Amino acid sequence: MDVNAALLKAILATVARTAFPPDVLYKIVAPTAGSDKQLLAYNLCDGETPQAEIGKKARLDNGNLSRLITKWIEAGVLVRVGSERFPLHVYPLAKLSGKAGSSPR
């Protein structure tokens with residue numbers, strides 16, 4: 001990744017945290033307990049990984065992943081970039097610690 005692309009990703013992540021704080025983003029990306037596959041798939045959307053590879057790594061079938069990506073795009077937390085149209089998340093999410101009331105910041 002070149003310097004300009006890295007800087008643009010950093011700006012996107014900074015602005016996105018204002019619009020979508022981590023707790024709000026979690027409700028969009030992994031709304032239920034046991035959403036580990038969805039969280040992994042979202043985090044793999046780095047703008048450089050093909051959708052098919054994301055599906056294999058997250059162990060999600062193509063249909064489910066396609067529906068998730070469409071949902072995330074419609075929610076504004078994911079975009080497609082480049083000539084290959086690879087999915088890019090607004091920023092990656094850490095796995096919740098499991099403590100009640102804890103914030104994933």
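This report walks through selected features of a predicted model.

## The nonpolar core

The largest nonpolar core has 24 residues. Those with the most contacts inside this core are Leu25, Tyr42, Trp72, Val77 and Leu93. Five elements are listed here, and each gives two or more residues to the core: α1, α2 (22-29), α3, α4 and α5. In soluble globular proteins, nonpolar side chains tend to be buried together.

Take Leu25 as an example. Neighbours within four places in sequence are set aside here. Leu25 then touches Phe20, Tyr42, Val77, Val90, Tyr91 and Leu93. Among these partners, Tyr42, Val77 and Leu93 also belong to the residues with the most contacts inside the core.

## Salt bridges

How many salt bridges are there? The count comes to two.

One joins the side chains of Lys9 and Glu48, with an N to O distance of 3.8 Å. This pair links distant parts of the chain. Lys9 sits in helix α1 (residues 3-19), while Glu48 sits in the loop between α3 and α4. The two are 39 residues apart. Lys9 has a relative accessible area of 26%, so it counts as partly exposed. Glu48 is partly exposed too, at 45% relative accessibility.

The other joins Glu53 and Lys57. Their closest N and O atoms are 3.0 Å apart. Both residues lie in helix α4. They are four residues apart, about one turn of the helix. Glu53 is partly exposed, at 34% relative accessibility. Lys57 is also partly exposed, with a relative accessible area of 47%.

## Thr49, a buried loop residue

Thr49 lies in the loop between α3 (36-44) and α4 (51-58). Is Thr49 buried or exposed? Its relative accessible area is 9%, and buried means under 20%, so Thr49 is buried.

The side chain of Thr49 makes a polar contact with the side chain of Asp46, at 2.9 Å. Beyond four places in sequence, Thr49 touches Leu44, Ile54, Phe86 and Pro87. Of these partners, Phe86 falls within strand β2 (86-89), as does Pro87.

## Lys95, an exposed residue

Where does Lys95 sit? Lys95 is in the segment after β2 (86-89). Lys95 counts as exposed because its relative accessibility is 59%, and exposed means over 50%.

Exposed residues can still have contacts, and Lys95 shows some: it touches Tyr26, Asp36 and Leu39, not counting residues up to four places away in sequence. Asp36 falls within α3 (36-44), and so does Leu39. Tyr26 falls within α2 (22-29). Lys95 and Leu8 are 87 residues apart in sequence. In space, their C-alpha atoms are 24 Å apart.

## Two positive phi angles

Most residues other than glycine have a negative phi. Two residues here go against that trend.

Arg59 has a phi near 60°, a positive value in a residue other than glycine. Arg59 is found in the loop between α4 and α5 (62-75). With a relative accessible area of 70%, Arg59 is exposed.

Arg85 has a positive phi of about 60°, although it is not a glycine. Arg85 is in the loop between β1 (78-81) and β2. Its relative accessible area is 48%, so Arg85 is partly exposed.

Key. Residues are numbered from 1 along each chain as its sequence is written. This is a predicted model: local features need pLDDT of at least 70, side-chain atom pairs count only at pLDDT 80 or more; totals for chains, interfaces and linings use all residues. Side-chain values use heavy atoms; hydrogens and water are left out. Buried means under 20% relative accessible area, exposed over 50%, partly exposed in between (1.4 Å probe, protein chains only). Contact means heavy atoms within 4.5 Å. A polar contact is a pair of N or O atoms within 3.5 Å; within protein, one must be able to donate a hydrogen and the other to accept it, and residues adjacent in sequence count only if both atoms are side-chain atoms. A salt bridge is a side-chain nitrogen of Lys or Arg within 4 Å of a carboxyl oxygen of Asp or Glu. A nonpolar core is a set of buried Ala, Val, Leu, Ile, Met, Phe, Trp, Tyr and Cys residues joined through side-chain atoms within 4.5 Å.
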